[in-house]
Every structure is written in structure tokens, then in C-alpha cells.
Amino acid sequence: QMKLSWRLVLGFLVSVLALAACLPPFALPDEEDLVKTATVAAIPGLQRRAVVISDIKHAPNRVSWTALTPDGVFDCGANQYFAWPTCAHR
């Protein structure tokens, strides 16, 4: 019985690590939410549910991303804390 529970624990840990390895680098669970919030703040009248975020890139003191909206594609950026966001229509 003890071997069975160790196997279950080991199986669980391996599963969690395998799932974690599938996450893209720098993609924190709440990062896309922060990026969407910054995008909506930078583009007046934009509805949050209409935004699709892609290509999040990190540079020193800066984050940039691409936002697909009903009005087109925007290149966006903000500081590392997602403050002072700006978006420019392509």
C-alpha cells in the first residue's frame, strides 16, 4: 500500500512538471490579463472581450505586445509594471 501512494504522488508531481514545462517563457498566469487591461486603457472605447493578445516580449524596463481588435492590429507597449501603456495602429 505504501508503494502505491508513493507512485500516485510521483505521478502527480511528474504531471504537474510536464504541464508547467508547456507554458511559454515569461507567460505568467496573470500576464495576459495585465496586458489586456493595459490595452483597453490605451485604446479608448475598446471592449476587453474583443481583444486578442499575442507576441508578448520583455526588454529591460519595458514590455511590448501585439493586440488584435475589431478595429485592426495594434503594436502596444508599457513599462515593466504595465503602466503608461501606448498602442499604435499598424
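How many disulfides does the structure hold? Just one disulfide turns up here, and the close-ups below, taken from a predicted model, start with it.

**Close-up A. Cysteine 76 and cysteine 87 are joined by a disulfide.** The two sulfur atoms sit 2.1 Å apart. This pair ties together distant parts of the chain: cysteine 76 belongs to strand β3, cysteine 87 to strand β4 (residues 86-89), and 11 residues separate them. Look along the S-S bond and you get 115 degrees, a right-handed link. Cysteine 76 itself is buried, at a relative accessible area of 6%.

**Close-up B. Here is the largest nonpolar core, with 13 residues.** Ile53, Trp65 and Ala67 have the most contacts inside this core. Helix α2 and the strands β2 (62-69) and β3 (72-79) are the elements that give two or more residues to it. As a bit of background, nonpolar side chains tend to be buried together in soluble globular proteins. Zoom in on alanine 67 and, setting aside neighbours within four places in sequence, you'll find contacts including Val51, Ile53, Phe74 and Cys76.

**Close-up C. Lysine 36 is buried but has no salt bridge.** You'll find lysine 36 in helix α2 (residues 31-42). The nearest side chain of opposite charge is glutamate 32, at 4.4 Å; a salt bridge needs a nitrogen and a carboxyl oxygen within 4 Å, so this pair doesn't make the list. Not counting residues up to four places away in sequence, lysine 36 touches Arg48, Val51 and Ile53.

**Close-up D. Aspartate 33 and arginine 48 meet in a salt bridge.** The N to O distance is 2.1 Å. Again, distant parts of the chain are linked: aspartate 33 is in helix α2, while arginine 48 is in the loop between α2 and β1 (52-59), 15 residues apart. Aspartate 33 is partly exposed at 42% relative accessibility, and arginine 48 is partly exposed too, at 32%.

**Close-up E. Arginine 90 pairs with aspartate 75 in a salt bridge.** From N to O the gap is 2.9 Å. Arginine 90 lies in the segment after β4 and aspartate 75 in strand β3, so to speak two distant parts of the chain, 15 residues apart. Arginine 90 is exposed, with a relative accessible area of 60%, whereas aspartate 75 is partly exposed at 36%.

**Close-up F. Lysine 57 and aspartate 55 form a salt bridge as well.** Their side chains meet at 3.7 Å, N to O. Lysine 57 is partly exposed at 47%, and aspartate 55 is partly exposed at 44%. The count for the structure comes to three salt bridges.

Definitions and conventions: Residues numbered from 1 in each chain as written. Predicted model: local features only at pLDDT ≥ 70, side-chain atom pairs only at ≥ 80, totals over all residues. Heavy atoms only, no water. Helix = DSSP H or I, 4+ residues; strand = E, 2+ residues; numbered from the N terminus. Buried < 20%, exposed > 50% of the residue type's maximum accessible area, 1.4 Å probe, protein only. Lys, Arg positive; Asp, Glu negative; His and termini not counted. Contact = heavy atoms within 4.5 Å. Core = buried A, V, L, I, M, F, W, Y, C linked by side-chain atoms within 4.5 Å. Disulfide = S-S within 2.5 Å.
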